[in-house]
Amino acid sequence: MNVYFGAIETRDDPTVLGTEPIPARYYYDPEWYELERKAIFMRSWLNVGHVCELPEPGSFIRREIEFAGASLLITRGKDGTIHALHNVCTHRGTQLTEEESGKATKFSCRYHMWTFGTDGALLSAPDFDRFYTDKKACALKQVKVDVCGGLIFVAFEPQQGLREFLGSMAETLEQLPVARATTFHEYVYEIDANWKLDYDNFQENYHLRFIHSRSAGAGCGPDNPFGYPSHFTLNGRHRTQTIWTDPNAKVQPTMLEAYMRGAPRLAADGILNDPNSREYFALFPNLFLFGSPGSHFLHTVFPLGAEKSRGVIRLYWIGEDETASVRYAREFALAQIRDIHSEDVAVVQAGQRGVSSGALEHLHFQEKEILCRHLVKVCEEAVEAYQVETGE
Ligand code: FES
Ligand SMILES: [Fe+2]
């Protein structure tokens, strides 16, 4: 299969990606994980933050990227340019800062006081004349960084630019409210599960009525007992689905109240009327964005190993909360996401223990789990391309 096809509406043919079962080892085998790490994660553009975290020259954030063994400083330089620098002093390797974020005009290494600018240039180094190198050669090492729709992406060994990587999704991202976000709420979790198993849990609604009967019951209804999405689109390596909601669903009074308190702001920002507000966008490999009328959230899943991952869930927001009611609406939206997610964690980890036991050779995806199948297909394809290229 060639993943570089244009957008495919799967209502035309739900078997477009085949129907065969999926090798279970993709979800626990360390050798397969190592191939995915090199072929996918090292080569892809990955979302690590948002421009609202770097409001002015000198603002920086630190990101630990475990699969690459890297600590990165994402900085906004004097001229406003964003840089992604290895948090590694070029003298003898000491990490420059342990701060998670902040503002700095320069970074000084505490060991021998080499000092670097926010663009990574070596500004000064004590008694530098005694070295056998020049300052230019000692700038901090950089990785590629670019921005789309307000989101900051980095790539260690990119095979193409960010826009080409995102394809038509780049334009979509720029039109979403997240592009204008000024702040966010975040929660980070670690889970004993392969990154795909964790990510897939958000790519199918088949489990909704069983695992989320209490919290997300409104997602199912007599016309659609499993709450399946209205349709799916496969878009190169990326994919989207349109979430279905029961027009007759009874919304809990608290939820309704919270939405109404948040609604004036959301409506003013066009979120309520945004045709994308029921869209789920899955960007290869590990990010998805989901817009509902009440909230707009992003989720990234970073692998920490074959059977361990870290997820970052963010609810982005535009403007400050002028009133306690608006603040309440925002807190409510995040609490709701956390509630639903807390119902998923145990079952995802149980899934990991099961597949890791080696009892199964294969897993099965039905037609409404096509986004999960698509993720497997594009991963297989990336690994194959990597193997052909490197002979590994
Ligand atoms: S290791 Fe950083 S100045 Fe020596
Ligand atoms: Fe779930």
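Me: Over how many bridges do β4 and strand β5 pair?
Reply: This is a predicted model. In it, β4 runs antiparallel to strand β5, which covers residues 70-76. One facing pair is Arg62 and Leu73, with Leu73 in β5. The number of bridges between β4 and β5 is six.

Me: Which residue in the turn of the β4 and β5 hairpin has a positive phi?
Reply: β4 and β5 form a hairpin. Four residues sit between the two strands. One residue in this turn has a positive phi, about 65 degrees, and that residue is Gly69.

Me: Which residue in β7 stands opposite Phe60?
Reply: Strand β4 spans residues 59-65 and also pairs with strand β7, residues 101-103. The pairing is antiparallel, over three bridges. Across from Phe60, in β7, stands Gly102.

Me: In what order do the strands of the open sheet with β8 stand?
Reply: Three strands make up this open sheet. β8 (106-108) and β10 (122-124) are its edge strands, since each pairs on one side only. Neighbouring strands are turned by 35 degrees against each other on average, direction ignored. The pairing is antiparallel, and the order is β8-β9-β10.

Me: Which residue in β9 does Lys106 stand opposite?
Reply: Strands of a sheet pair through backbone hydrogen bonds. Here β8 pairs with strand β9, residues 115-117, in the antiparallel sense. They share three bridges. Opposite Lys106, in β9, is Gly117.

Me: Is Ala179 buried, exposed or partly exposed?
Reply: Ala179 lies in the loop between α3 (169-175) and β13 (183-191). Count the other C-beta atoms within 10 Å of its own: there are 17. A buried residue needs 20 or more, and an exposed one has 12 or fewer. The count of 17 falls in between, so Ala179 is partly exposed.

Me: What distance separates the C-alpha atoms of Ala179 and Val51?
Reply: Leave aside neighbours within four places in sequence, and Ala179 is in contact with Gly149, Gly150, Leu173 and Glu174. Now take Val51. Ala179 and Val51 are 128 residues apart along the chain. Their C-alpha atoms are separated by 8.9 Å.

Me: What percentage of the chain's residues count as buried?
Reply: The chain has eight helices and 20 strands. Take contacts between residues at least 6 apart in sequence: 65% of them join residues at least 24 apart. The chain has 392 residues, and the share that counts as buried is 38%.

How values were computed
Residues numbered from 1 in each chain as written. Chains lettered and ligands numbered in written order. Predicted model: local features only at pLDDT ≥ 70, side-chain atom pairs only at ≥ 80, totals over all residues. Pairing = 2+ DSSP bridges. Axes fitted to C-alpha atoms, helices over the stretch in contact; angles between N-to-C directions. Contact = placed C-beta atoms within 7 Å.
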